[in-house]
Amino acid sequence: MKLFLKCDEAAHVCDKSQYKESSFLEKLNLKIHLLLCPLCRAHVKRNCTLTQNLHRSNLKTLRPEEKELLKKRMEDEINIGHNP
């Protein structure tokens with residue numbers, strides 16, 4: 001792995017870090033990049049704020065069986081609309 005990240009690579013590592021999927025070396029390279037790049041520092045700050053807000057919002061998602069039922073109903077509605 002190279003020592004200096006490009007901004008798009010830094011953004012990707014930032015996203016991975018948010019989900020605890022980045023390696024130690026990736027985190028280290030990101031920190032070095034952030035020391036030198038104010039645009040990426042701003043991105044990291046916005047990304048962290050977004051993640052915190054999502055966690056605080058206590059969003060609920062559909063169970064897999066509910067998703068399948070909704071998907072089937074939508075497909076049925078689309079098919080009915082195409083076959084008058």
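This passage describes the overall form of a predicted model, then its nonpolar core, and then two residues within it.

In the predicted model, the secondary structure of the chain consists of four helices and zero strands, and the order of these elements along the sequence is α-α-α-α. The radius of gyration of the chain is 20 Å, well over the 12 Å that the globule rule gives for 84 residues, so the chain is more spread out than a compact globule. Taken along the principal axes, the box filled by the C-alpha atoms comes to roughly 60 × 30 × 20 Å.

Of the 84 residues in the chain, 20% are buried. The area that the chain exposes is about 7200 Å², and 62% of this area is supplied by carbon and sulfur atoms. With regard to contacts in the chain that have a separation of 6 or more, 57% are accounted for by residues 24 or more positions apart. The chain carries 16 positive and 11 negative charges, and the mean positions of these two sets lie 11 Å apart.

In soluble globular proteins, nonpolar side chains tend to be buried together. In the present chain, the largest nonpolar core has nine residues in all, namely L5, A10, V13, C14, L30, L34, C37, C40 and V44. Two or more residues of this core are given by each of the helices α1 (7-18), α2 (24-36) and α3 (38-57), and the helix that gives the most is α1, with three residues.

One member of this core, L5, was examined with residues up to four places away in sequence not counted, and on that basis L5 touches A10, V13, N29, L30 and H33. Among these partners, A10, V13 and L30 are themselves listed in the largest nonpolar core.

A second residue, K27, has its place in helix α2. The relative accessible area of K27 is 38%, which lies between the limits of 20% for buried and 50% for exposed residues, and K27 is therefore described as partly exposed. When neighbours within four places in sequence are left aside, K27 is in contact with V13, S17 and S22; of these, V13 is one of the residues that make up the largest nonpolar core, and V13 is also touched by L5. Along the chain, K27 and L5 are 22 residues apart, and their C-alpha atoms are separated by 11 Å.

Technical notes: Residues are numbered from 1 along each chain as its sequence is written. This is a predicted model: local features need pLDDT of at least 70, side-chain atom pairs count only at pLDDT 80 or more; totals for chains, interfaces and linings use all residues. Side-chain values use heavy atoms; hydrogens and water are left out. The radius of gyration is taken over C-alpha atoms; the globule rule is 2.2 Å times the number of residues to the power 0.38. Buried means under 20% relative accessible area, exposed over 50%, partly exposed in between (1.4 Å probe, protein chains only). Contact means heavy atoms within 4.5 Å. Accessible areas come from the Shrake-Rupley method with a 1.4 Å probe; for residues, only the protein chains shown count as cover. Lys and Arg count as positive and Asp and Glu as negative; His and the chain ends are not counted. The place of a charge is taken as NZ of Lys, CZ of Arg, CG of Asp or CD of Glu. A nonpolar core is a set of buried Ala, Val, Leu, Ile, Met, Phe, Trp, Tyr and Cys residues joined through side-chain atoms within 4.5 Å.
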